[in-house]
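Here is a short set of exercises on charged side chains and their partners. Have a look at the model, then work through each task before reading its solution.

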Amino acid sequence: VLLATASPSVALGNTQARDTDDNQIEVRLIPKQNSVIAGNSLEVRVEVWNLGRKPLFIEKAIFALCESSPLSLRLELGPKVKPQAGYGCASDCIYQAGDSFARRLVDRWTVLPQGDFYGTVISIDPHNFPQLNTPGRWRLRGTYQSDGDLSSSRCMDPAPIADSKQQVEQLPFKAWQGAIETNTAWIEVRPSRNNASRK
């Protein structure tokens, strides 16, 4: 099982942290295809739904391998994966001294209205998920989590804003906080033509 720090049938995620009727979300994974050829990437649509009764702040970056992001993905329950070369990456995040609280807020967070969703399409690459190099049937699922602290910073900050917590208290909405599981989608990895011809 690999964790990354970057579905036609949809099930409600199980909340594992504080969650109320006003602070309830669901995260859906919808693969663009249910099968891929070994060695190819898998494209997945990710939707974060606000099932509560009030707008919520959520993080803009849903999934990013080289940056801090709320979604981690897993491909599991398939055949044994052969050892492969590892993969690494790095990313810088630095605030400018003149960046205001408002600028930092909109750089990281967005408002999700009640009954609406925020989404993107991500590419799961076999370099990061070697299961996609191994023919078999894999279970795709993920965990979405956030500390909900609108005053916190995940970037290097040369000049922290002293009254950021007070400014957060004046905002009209709260940030979603908690950890939930996504729905499950099954992915079939088919042998490539080259591998099939060798057998």
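**Exercise 1.** Is Glu-76 buried or exposed?

*Solution.* Keep in mind that this is a predicted model. Start with the cut-off: a residue counts as buried when its relative accessible area is under 20%. For Glu-76 the value is 9%, so Glu-76 is buried.

**Exercise 2.** With which residue does Glu-76 form a salt bridge? Find the partner, then place both residues in the fold.

*Solution.* The partner is Arg-139, and the closest N and O atoms are 2.5 Å apart. Next, locate the two ends: Glu-76 lies in strand 5 (residues 71-76) and Arg-139 in strand 8 (residues 136-146). They are 63 residues apart, so the pair links distant parts of the chain. Arg-139 has 19% relative accessibility and is buried. Finally, look for shared partners: salt bridges join Arg-74, Glu-76, Arg-139, Arg-141 and Glu-181 into one network.

**Exercise 3.** Which elements are linked by the salt bridge between Arg-108 and Glu-59?

*Solution.* Begin with the contact, where N and O are 3.5 Å apart. Arg-108 sits in helix 1 (residues 101-108), while Glu-59 belongs to strand 4 (residues 56-59). Now check burial: Arg-108 is buried at 12%, and Glu-59 is buried at 4%.

**Exercise 4.** Arg-45 and Glu-47 also meet in a salt bridge. What is the relative accessible area of Arg-45?

*Solution.* The N to O distance in this pair is 2.6 Å. Arg-45 has a relative accessible area of 32% and is partly exposed, whereas Glu-47 is buried at 8%.

Methods
Residues are numbered from 1 along each chain as its sequence is written. This is a predicted model: local features need pLDDT of at least 70, side-chain atom pairs count only at pLDDT 80 or more; totals for chains, interfaces and linings use all residues. Side-chain values use heavy atoms; hydrogens and water are left out. A salt bridge is a side-chain nitrogen of Lys or Arg within 4 Å of a carboxyl oxygen of Asp or Glu. Buried means under 20% relative accessible area, exposed over 50%, partly exposed in between (1.4 Å probe, protein chains only). Helices (H or I, at least four residues) and strands (E, at least two) are DSSP runs, numbered from the N terminus.
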